[in-house]
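The following paragraphs are meant to be read alongside the sequence and the predicted model, and they move from aromatic side chains to a sheet and then to the surface.

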Amino acid sequence: MGDWIYDIDVTTATGDIRCLGVEFDDTNWWITGAANMTGAFIYRLDYNGTLLNSISTGHTGWGWRDLAWDGTYLYASDSYVIEQIDTSTGGPTGVQIQSPISPARALAY
């Protein structure tokens with residue numbers, strides 16, 4: 001089903017063996033990870049897979065899971081709340097969407 005068109009080794013790029021979410025914002029790859037259970041991060045990589053930023057999410061455990069992109073913002077969740085993420089900072093904007101499940105999974109826009 002389909003053709004393999006692209007891959008990057010996010011574990012090598014981030015040093016994180018617990019990467020969970022991935023989304024492309026038309027310029028950069030965004031990856032969520034548990035930083036080997038030492039904290040939760042969101043990583044920004046360029047198109048070729050070079051790490052540009054490692055940003056602590058302030059969450060514990062696995063942190064944000066899946067990611068979605070609406071053309072302006074990313075969205076992620078680690079609880080009953082889906083958080084809107086600003087791609088200029090990698091941090092939450094303060095906009096939140098309530099979810100009936102925790103964590104909200106399989107996010108899509």
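Phe 24 has a relative accessibility of 23% and therefore counts as partly exposed, since the buried class is reserved for values under 20%. Trp 29, by contrast, counts as buried because its relative accessibility is 18%. In this predicted model, Phe 24 and Trp 29 form an aromatic pair, with 4.7 Å from centre to centre and 50 degrees between the planes, an arrangement classed as tilted. The count of aromatic pairs comes to 5, and Phe 24 and Trp 29 belong, together with Tyr 6 and Tyr 47, to one aromatic cluster.

Turning to the strands, one finds an open sheet of 4 strands in the order β5-β6-β7-β8, paired in antiparallel fashion. Its edges are formed by β5 (67–69) and β8 (92–98), each of which pairs on one side only, and the twist from one strand to the next averages 25 degrees. At the β8 edge, strand β7 (residues 81–86) runs antiparallel to β8 and is joined to β8 by 4 bridges; Ile 85 stands opposite Pro 92 in β8.

The surface, finally, carries a nonpolar patch made up of Leu 20, Met 37 and Trp 62, which together have about 260 Å² of accessible area. Of these residues, Met 37 is found in the loop between β2 (29–33) and β3 (41–45), and Met 37 counts as partly exposed because its relative accessibility is 42%, whereas the exposed class would require a value over 50%.

Definitions and conventions:
Residues numbered from 1 in each chain as written. Predicted model: local features only at pLDDT ≥ 70, side-chain atom pairs only at ≥ 80, totals over all residues. Heavy atoms only, no water. Patch = residues over 30% accessible without salt bridge, like charges linked within 9 Å, V, L, I, M, F, W, Y side chains within 5 Å. Areas by Shrake-Rupley, 256 points an atom, 1.4 Å probe, with all protein chains shown as cover. Salt bridge = Lys/Arg side-chain N within 4 Å of Asp/Glu carboxyl O. Helix = DSSP H or I, 4+ residues; strand = E, 2+ residues; numbered from the N terminus. Buried < 20%, exposed > 50% of the residue type's maximum accessible area, 1.4 Å probe, protein only. Pairing = 2+ DSSP bridges. Axes fitted to C-alpha atoms, helices over the stretch in contact; angles between N-to-C directions. Phe/Tyr/Trp six-rings, centres within 6.5 Å; stacked < 30°, edge-to-face > 60°.
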